[in-house]
Amino acid sequence: MWRQVVLYFRTHSYHADNCQAKENLQNEDEADIKAAQWIFKPMGSERTEIRKRQMATTPETPGAAQAQLSTGNRGSNACCFCWCCCCSCSCLTVRNQEEERARRTSHELQAEGIPNCEESPAPTLEEVNAWAQSFDKLMLTPAGRNAFREFLRTEFSEENMLFWMACEELKQESNKSVIEEKARLIYEDYISILSPKEVSLDSRVREVINRNMLEPSQHTFDDAQLQIYTLMHRDSYPRFMNSAIYKDLLQSLSEKSTEA
């Protein structure tokens, strides 16, 4: 009797377990099928659904799109020296304009103080003959300085005459601001080692100039002017007297005098 009861319960439990196992297996199969369907879902439809959800939550307005486009264009035009997005390279434009204005002002002052060619009447035969007597007589007349300067240009040493003339112009100034500006130009053009027109000066004279530049005056470059004058007298003047420029000018004036 007890054996039959035990056997009944065991049989009933076995059937119950089988049913539960089948049900669990069926549920697992359905879950796997759904997962496979989601995994192999076409990308196009998935992107479409995501796009629809985004449009539904955050609708894009034309004003916002236009503002974003404007910001992007403004940022692309920003210069590399400015981290803001609103400059549109205007800082570079202003900087270039200021540099150009300063360079133009400097050039005008330099052209005013250091003329490219002195105005002078044609030299006479007596004047040209006097040039051969001394360097001082050559440098006293504008025609003599122009002829000598033309010779220096052929020897690539015209800066010596330009520097001497600039110092003479500086001595004639009385306005303090003009003196300071012209002294600065002379220093940058003929004293600075970075200038292509630097004149040859010894270290002692350069030290004097550097001290004088703290308070520029009409006599800031007196020592340097004297040294360049002596250099032209001893080095360039003898060659000028033997040059074709001087001899041709002397011969031309002599022929005109004979014809007259």
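**Exercise 1.** Which side chains meet in a salt bridge with 2.9 Å from N to O? Find the pair, then say how exposed each partner is.

*Solution.* The model used here is predicted.

Step 1. The salt bridge joins the side chains of E158 and R153, with 2.9 Å from N to O.

Step 2. Buried means under 20% relative accessible area. E158 has 17% relative accessibility, so E158 counts as buried.

Step 3. R153 has a relative accessible area of 42% and is therefore partly exposed.

Step 4. The pair belongs to a network of salt bridges that links R149, R153 and E158.

**Exercise 2.** Describe the chain as a whole, beginning with its secondary structure.

*Solution.*

Step 1. The chain has 12 helices and zero strands.

Step 2. Of the 260 residues in the chain, 25% are buried.

Step 3. The accessible surface is about 18600 Å², and carbon and sulfur atoms hold 55% of that surface.

Step 4. Among contacts with a separation of 6 or more, 57% are between residues 24 or more positions apart.

Step 5. The count of salt bridges is 10.

**Exercise 3.** Compare the end-to-end reach of helices α7, α8 and α9 with the expected span of each.

*Solution.*

Step 1. The 13 residues of α7 should span 18 Å at 1.5 Å a residue, and the end C-alpha atoms of α7 are 19 Å apart, which agrees.

Step 2. For α8, with 14 residues, the reach from first to last C-alpha is 21 Å, close to the expected 20 Å.

Step 3. Helix α9 covers residues 176–191 and has 16 residues. The reach of α9 is 21 Å, close to the expected 22 Å.

**Exercise 4.** At what angle do α7 and α8 pack, and which residues meet?

*Solution.*

Step 1. Helix α7 (residues 142–154) packs with α8 at an angle of about 145 degrees, and their axes are 7 Å apart.

Step 2. On the α7 side, the residues are R145, F148, R149, L152 and R153. On the α8 side, they are E158, M161, L162, W164 and M165.

Step 3. The residues of this contact divide into six nonpolar, no polar and four charged.

Step 4. After α7 comes F156, whose phi is positive, near 60 degrees.

**Exercise 5.** How many residues of α8 are buried, and what do they pack against? Treat α7 in the same manner.

*Solution.*

Step 1. In α8, 11 of the 14 residues are buried, and the helix is mostly covered. The buried residues include E159, F163, A166, C167 and L170.

Step 2. The buried residues of α8 pack against α6 (135–140), α7, α9 and α11.

Step 3. In α7, the buried residues include A143, G144, N146, A147 and F151. Their cover includes α5 (125–131), α6, α8, α11 and α12 (244–259).

Step 4. Take N160 as an example from α8 (residues 158–171). At 8% relative accessibility, N160 counts as buried. Apart from residues up to four places away in sequence, N160 touches V199, I228, L231 and M232.

**Exercise 6.** Is F221 buried or exposed? Locate F221 and list its contacts.

*Solution.*

Step 1. F221 is in the loop between α10 (203–212) and α11 (222–241).

Step 2. The relative accessible area of F221 is 1%, so F221 is buried.

Step 3. With neighbours within four places in sequence left aside, F221 is in contact with F163, C167, L170, A183, I186, Y187, I191, I209 and M213.

Step 4. One of these, Y187, is 34 residues from F221 along the chain, and their C-alpha atoms are separated by 9.0 Å.

Step 5. Some contacts of F221 are also listed among the buried residues of α9, including A183, I186 and I191.

**Exercise 7.** Examine the salt bridges of E173 and E198, and give the exposure of the partners where a value is available.

*Solution.*

Step 1. E173 and K182 meet through their side chains in a salt bridge of 2.7 Å, N to O. K182 counts as buried because its relative accessibility is 8%.

Step 2. E198 forms a salt bridge with R206, and the closest N and O atoms are 2.4 Å apart.

Step 3. E198 has 29% relative accessibility and counts as partly exposed, whereas R206, at 17%, counts as buried.

Definitions and conventions. Residues numbered from 1 in each chain as written. Predicted model: local features only at pLDDT ≥ 70, side-chain atom pairs only at ≥ 80, totals over all residues. Heavy atoms only, no water. Helix = DSSP H or I, 4+ residues; strand = E, 2+ residues; numbered from the N terminus. Buried < 20%, exposed > 50% of the residue type's maximum accessible area, 1.4 Å probe, protein only. Contact = heavy atoms within 4.5 Å. Axes fitted to C-alpha atoms, helices over the stretch in contact; angles between N-to-C directions. Nonpolar A, V, L, I, M, F, W, Y, C, P; charged D, E, K, R; others polar. Expected span 1.5 Å × (residues − 1). Areas by Shrake-Rupley, 256 points an atom, 1.4 Å probe, with all protein chains shown as cover. Salt bridge = Lys/Arg side-chain N within 4 Å of Asp/Glu carboxyl O.
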